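Work through the following exercises with the sequence and the model at hand, and compare each attempt with the solution that follows it.

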Amino acid sequence: MSEQSTTAVACANIALIKYWGNRDDTLRLPANGSISMNLEGLFTRTTVTWREEELALSAAKGGAWKEGNEEDSLIINGLPVRGTAFQRVSDFLDLVRNMAGMEWRAEVVSENNFPAGTGIASSASAFAALALAASIAAGLDLEPAALSRLARRGSGSACRSIPGGFVEWQAGIGDEDSFATSIASPEHWELADCIAVVSAKQKPTGSTEGHSMADTSPLQAGRVADAPRRLDLCRRALLERDFDALAGIVELDSNLMHSVMMTSMPPLFYWQEPTLTLMRLVREWRFGGLPVCYSIDAGPNVHVITEGAAAGRVADLLGAVPGVQKVLVALGGGQARLVK
Ligand code: DP6
């Protein structure tokens with residue numbers, strides 16, 4: 001039996017300037033560009049095995065094989081996955097099959113090393129690792145930009161987990177120029193993300209649905225129009241290692257995204273009581289001289305960005321706040337890579 005197998009690893013990332021809303025939901029062309037930092041130590045490891053023979057066998061048996069994808073299989077953290085999560089992966093594998101001009105079935109075995117039930121999003125690391133493993137195993141040797149574009153089709157934020165360090169996803173005009181590139185290596189500035197886990201529950205409205213509702217907020221147009229300015233300020237703060245400038249723009253951008261979320265139809269409220277307490281405390285600590293700022297994704301957990309040297313102190317402070325279940329600490333991470 002002919003088979004080709006590849007394993008890849010990709011980090012999660014935290015957006016400092018957020019992606020929220022699409023110009024094209026199918027192609028995942030974002031309403032605005034975004035900037036993120038890869039998170040070392042929070043990763044997905046994925047093995048993709050393409051098999052030729054089983055497909056022929058199943059077709060020969062008169063099985064209900066169609067377009068290849070019903071023969072795919074997906075195992076995440078040791079458990080078989082079906083339903084919409086499986087369909088999303090299988091649809092993504094169709095893109096790779098089309099690019100490679102092949103119809104083999106795929107077996108995908110994936111593991112997240114994030115502590116179970118911390119509510120940390122895995123779609124970015126998952127689709128970045130899947131894009132790399134699936135394309136290499138299919139015999140495609142994509143340029144970094146093409147690989148980032150491919151990962152984007154699985155999950156928008158995944159395109160930012162392909163390059164390493166501090167990364168910018170340019171919104172682009174269309175599919176060809178909407179991809180992410182590195183603006184600085186992780187060594188350029190040792191920042192840390194101290195994630196205060198407030199709730200481990202599955203969020204009620206996922207990002208994909210949230211993106212499609214962004215335009216129902218009257219605030220989204222203003223948020224998008226101002227994005228180039230925020231991207232400039234964030235990029236410059238990173239390149240100049242200016243923490244105060246970074247803190248101001250990161251918190252503004254997070255607040256803007258949540259303002260859009262809360263004013264969408266229907267409104268999306270992701271914050272919980274401890275989220276607000278943490279936002280207040282982080283600002284107080286910063287005004288007291290600690291280099292900290294907050295950023296919140298589509299959930300109640302609070303990402304506290306700080307300088308590497310202060311990470312231990314910040315993690316201790318966060319861990320003592322009522323309602324914080326645990327604190328994860330991640331430094332800047334590298335690019336998606338193959339595992340031998
Ligand atoms: C709030 O990339 O998870 O984390 O493309 O539908 O998978 P899909 O959305 P996703 O959206 C991320 C939203 C965010 C902000 C960000 O990471 O930029």
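**Exercise 1.** Determine which atoms of Tyr-19, Arg-88 and Arg-160 lie beside oxygen atoms of the ligand.

*Solution.* Begin with Tyr-19, where a backbone N or O atom lies 2.9 Å from a ligand oxygen. Next take Arg-88, which places a polar side-chain atom 2.7 Å from an oxygen atom of the ligand, and then Arg-160, for which the corresponding side-chain distance is 2.8 Å. Finally, widen the view to the 17 residues that surround the ligand (a heavy atom within 4 Å); Arg-88, Ser-155, Gly-156, Ser-157 and Thr-208 are the closest.

The model is a predicted one, in which local features need pLDDT of at least 70 and side-chain atom pairs count only at pLDDT 80 or more, while totals for chains, interfaces and linings use all residues. Residues are numbered from 1 along each chain as its sequence is written, and side-chain values use heavy atoms, without hydrogens and water.

**Exercise 2.** Describe how helix 2 and helix 4 pack.

*Solution.* First, locate helix 2 at residues 83-100 and helix 4 at residues 144-154, whose axes are 9 Å apart at an angle of about 150°. Helix 2 is therefore roughly antiparallel to helix 4 (an angle over 145 degrees). Then list the contact (heavy atoms within 4.5 Å): helix 2 contributes Arg-88, Phe-92, Leu-95, Val-96 and Met-99, and helix 4 contributes Leu-150, Ala-151, Arg-153 and Gly-154.

**Exercise 3.** Place Gly-332 in the chain and find its contacts.

*Solution.* Gly-332 sits in the loop between strand 13 (326-331) and strand 14 (337-339). Setting aside neighbours within four places in sequence, Gly-332 contacts Met-37, Asn-38, Glu-40, Pro-186 and Leu-191.

Key:
Axes are lines fitted to C-alpha atoms, for helices over the stretch in contact, and angles run from 0 to 180 degrees between N-to-C directions. Helices (H or I, at least four residues) and strands (E, at least two) are DSSP runs, numbered from the N terminus. Angles under 35 degrees count as roughly parallel, over 145 as roughly antiparallel, 65 to 115 as roughly perpendicular and the rest as oblique. A polar contact is a pair of N or O atoms within 3.5 Å; within protein, one must be able to donate a hydrogen and the other to accept it, and residues adjacent in sequence count only if both atoms are side-chain atoms.
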